[in-house]
Amino acid sequence: MKQLEKNFSEFKESCWKQTGVFSKNKATCPELNKVIHCRNCNTFIKAGRNLLERNLPLEYLNEWTGIIAVKKTEEPQGTMSVLIFRICEEWLALSTRLFAEIIDPVPYHSLPHRKDPVLLGIVNVNGELQICVSLQNLLDLKGNIEKKENKGYKRMMVVNHNGEQWVFPVDEIHGIYRVHPDNFQNIPVTVKKSGTSFTNSIFSWKNKNVGFLDHELVFATLQRSVQ
């Protein structure tokens with residue numbers, strides 16, 4: 001790498017930088033009277049060719065040999081990508097393929113004569129009005145969202161499903177996570193008894209249980225809420 005830096009440094013200090021058209025001062029090279037521009041000069045052309053055809057430094061070769069020689073870890077077949085986010089105190093996940101965009105929170109405007117707690121209203125996303133819903137109310141999530149260890153950055157998620165776009169606020173986003181189907185576990189009986197569950201299964205992430213949402217059921221219920 002040091003040799004490359006040396007070559008690059010020499011390239012920067014060459015005549016086209018000192019007296020040529022790339023100089024910070026007025027170009028004074030007499031060759032410019034004949035070639036007009038440094039790129040037409042044999043000195044410039046030769047320097048460029050030498051830079052591209054130089055022998056690679058041993059240190060550089062060893063560094064890249066080590067990088068390429070590292071055995072790639074093959075991901076188990078069937079591994080799926082999910083996006084993990086938090087609403088209240090619950091960590092949830094949906095398939096990554098559903099998400100179109102994540103945006104900063106923007107105000108939504110309620111619709112007249114609509115009192116459904118799931119339907120928040122409409123929101124402007126990149127100049128287009130989209131339906132804004134509350135997954136918190138849909139999933140009947142309650143909790144102390146100001147709990148110290150749960151403080152994060154609120155966001156709005158924009159998702160696509162069957163050609164329709166939905167926007168819903170979340171309290172925090174972790175990001176993309178890859179889960180193998182073997183890591184999914186059944187929902188505890190206590191959760192099943194708490195009411196209609198939109199959770200397909202759960203998986204462990206950072207010593208937390210993340211609920212993997214049944215997106216077909218979620219969006220079907222949302223659709224009924226806005227009709």
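1. In this predicted model, strands S3 and S7 run antiparallel to each other and are joined by four bridges. One residue to look at here is Phe 99, whose bridge partner in S7 is Val 159.

2. This pair belongs to an open sheet of six strands with mixed pairing, and the order across the sheet is S3-S7-S8-S6-S5-S4. The edges are strand S3 (99-103) and strand S4 (108-109); each has a single partner strand, so one side of each has no neighbour in the sheet.

3. Helix H8 packs on this sheet, where it touches strand S5 (119-125), strand S6 (128-133), S7 and S8. The direction of H8 makes about 100° with that of S8.

4. The largest nonpolar core has 26 residues, and those touching the most other members are Phe 85, Leu 135, Phe 168, Leu 213 and Leu 222. Two or more residues each come from strand S1 (80-87), strand S2 (90-95), helix H6 (135-138), strand S7 (155-161), strand S8 (164-170) and helix H8 (215-226). H8 gives the largest share of this core, four residues. The helix that packs on the sheet is thus also a contributor to this core.

5. Leu 213 deserves a separate look. Leaving aside residues up to four places away in sequence, Leu 213 touches Phe 85, Leu 92, Ala 93, Leu 94, Leu 135, Leu 139, Phe 198, Thr 199, Asn 200 and Val 218. Among these contacts, Phe 85 and Leu 135 are also listed with the core residues that touch the most other members.

6. Another core, of 10 residues, lies apart from the largest one. Its members include Val 82, Phe 184, Trp 205 and Phe 212.

Definitions and conventions
Residues are numbered from 1 along each chain as its sequence is written. This is a predicted model: local features need pLDDT of at least 70, side-chain atom pairs count only at pLDDT 80 or more; totals for chains, interfaces and linings use all residues. Side-chain values use heavy atoms; hydrogens and water are left out. A nonpolar core is a set of buried Ala, Val, Leu, Ile, Met, Phe, Trp, Tyr and Cys residues joined through side-chain atoms within 4.5 Å. Buried means under 20% relative accessible area, exposed over 50%, partly exposed in between (1.4 Å probe, protein chains only). Contact means heavy atoms within 4.5 Å. Two strands pair if DSSP finds at least two bridges between them. Axes are lines fitted to C-alpha atoms, for helices over the stretch in contact, and angles run from 0 to 180 degrees between N-to-C directions.
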